[in-house]
Amino acid sequence: MKSAVVQLPGLNRDRDMIAALTKISGKAPVTVWQTETEIPDVDLIVIPGGFSYGDYLRCGAIAARMPVMQAIKAKAEQGVRVLGVCNGFQILVESGLLPGALMRNASLKFVCREVKLQVVNADTAFTRAYAKGQVIRSPVAHHDGNYFADAETLKAVEGNGQVVFRYAEGTNPNGSINDIAGVVNAKGNVLGMMPHPENLIEAAHGGSDGRGLFASALDVIAA
Amino acid sequence: MIKARVTVTLKNGVLDPQGKAIEGALGALGFDGIGHVRQGKVFDLELQTADKAKAEADLKAMCEKLLANTVIENYSISLA
């Protein structure tokens, strides 16, 4: 399957994401700059992590208003898979493609460590390689990953099975409501998550727990 | 030209860890009787128009589209 990685000023995890996608699918992704209004014909669009626009105003707020996001919205409506990691997740909630908001970590500190994630929904295009309830390792690195949604939105997100990952075993690093680490849209083709699965895909990383996510999204068998 | 001030604050019920930290710091400085502290943002804007109604409509659109995240924030607009 073909993939694309979106690039915006201030994103800095794009190279890690390109490496992960290339290693797992065997094909290098195309890169798409923020001013582009059309996205090539791909099966997966990834918005990587970083600090787009220096996190000015709110994390992801300015990136979410760039022309490329209109093109991504159109592709998402057609059913193309979209994955946002870290700042990519913040951009997806700011653009309205995903419900809720990501706020300053409850500790007020930047957290850079490893957490445990429980796969809450293994029935999505992004998590088929995992078993429901499986606990995987994943690195996190963020200052604003505190997921929030009002009571009504939260009820809908929980009720529809849109919570895909929860921080497990007391490792919630940011105060996220209900330990939410990743959510999918109602249609199931847009996933946002704060943890960085692209940084745990091979022995050199000390593990490959993140590989299943890309193997699922790219329709390749998990290695 | 019209000068405007937009104030963006967190909605009630949205946790504000920064406000909480400020609340604690004020207490540590010896200020007694501090209730809740909530942190917000202020934007001062200049609009090249004399039409107040248009300015207000434009500012409302700016708040809805960019200045506030209405999932978690409220905004108020005042014209100088």
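**Exercise 1. Place His196(A) in the chain and describe its surroundings.**

*Solution.* Start with the secondary structure: His196(A) sits in the loop between E11 and helix H5 (211-217) of chain A. Helices (H or I, at least four residues) and strands (E, at least two) are DSSP runs, numbered from the N terminus.

A word on conventions before the next step. This is a predicted model, in which local features need pLDDT of at least 70 and side-chain atom pairs count only at pLDDT 80 or more, while totals for chains, interfaces and linings use all residues. Residues are numbered from 1 along each chain as its sequence is written, chains are lettered from A and ligands numbered from 1 in the order in which they are written, and side-chain values use heavy atoms, with hydrogens and water left out.

Now check accessibility. His196(A) has a relative accessible area of 2%, so it is buried (under 20% relative accessible area; exposed is over 50%, partly exposed in between; 1.4 Å probe, protein chains only).

Then list the contacts (heavy atoms within 4.5 Å). Leaving aside neighbours within four places in sequence, the partners of His196(A) include Arg13(A), Gly49(A), Cys86(A) and Ser138(A).

**Exercise 2. Which side chain makes a polar contact with that of His196(A), and where does that partner lie?**

*Solution.* The partner is Glu198(A), at 2.8 Å from side chain to side chain. A polar contact is a pair of N or O atoms within 3.5 Å; within protein, one must be able to donate a hydrogen and the other to accept it, and residues adjacent in sequence count only if both atoms are side-chain atoms.

Glu198(A) is also in the loop between E11 and H5 of chain A. Its relative accessibility is 1%, so Glu198(A) counts as buried. Not counting residues up to four places away in sequence, Glu198(A) touches, among others, Arg13(A), Asp16(A), His205(A) and Phe214(A).

Finally, look at the record. The UniProt annotation "active site", from an unreviewed entry, covers Cys86(A), His196(A) and Glu198(A); positions are given in the numbering used here, feature names are shortened, and annotations may be inferred rather than shown by experiment. These residues are spread over 113 residues of sequence but cluster in space, with a largest C-alpha distance of 11.0 Å.

**Exercise 3. Trace the sheet of chain A and find its edges.**

*Solution.* The sheet is open, with nine strands in the order E2-E1-E3-E4-E11-E10-E9-E6-E7 (chain A) and mixed pairing. Two strands pair if DSSP finds at least two bridges between them.

The edges are strand E2 (30-33) and strand E7 (135-142) of chain A; each has a single partner strand, so one side of each is left without a neighbour in the sheet. From one strand to the next, the twist averages 25 degrees.

Helix H1 (residues 14-25) of chain A packs on the sheet, touching strand E1 (3-7), E2, strand E3 (44-47) and strand E4 (81-85), and its direction makes about 175 degrees with that of E1(A). Axes are lines fitted to C-alpha atoms, for helices over the stretch in contact, and angles run from 0 to 180 degrees between N-to-C directions. Helix H2 (residues 67-77) of chain A lies across E1, E2, E3, E4 and strand E11 (190-193), at about 140 degrees to E3(A).

**Exercise 4. In which sense does E11(A) pair with E4(A), and in which with E10(A)?**

*Solution.* E4(A) and E11(A) pair in the parallel sense over four bridges, and Gly84(A) has Gly192(A) as its bridge partner.

On the other pairing, strand E10 (residues 180-184) of chain A and E11(A) run in the antiparallel sense over three bridges. Here Val183(A) stands opposite Gly192(A). E10(A) and E11(A) form a hairpin with five residues between them, and Gly188(A) in the turn has a positive phi of about 90 degrees.

As for side-chain directions, Val190(A) and Gly192(A) point one way from E11(A), Leu191(A) and Met193(A) the other way, and all are buried.

**Exercise 5. Describe the interface between chain B and chain A.**

*Solution.* Count first: 17 residues of chain B are in contact with 13 residues of chain A. Together the chains bury about 1,200 Å², 67% of it on carbon and sulfur atoms; buried area is the accessible area (1.4 Å probe) that two parts lose on being put together, summed over both.

In chain B, Pro17(B), Leu66(B) and Val71(B) lose the most area to chain A, together 36% of what that side buries.

One residue to inspect is Asn69(B), in the loop between helix H2 (52-67) and strand E3 (73-79) of chain B. Asn69(B) has a relative accessible area of 9% and is buried. Leaving aside neighbours within four places in sequence, Asn69(B) is in contact with Arg58(A), Glu94(A) and Ala101(A).
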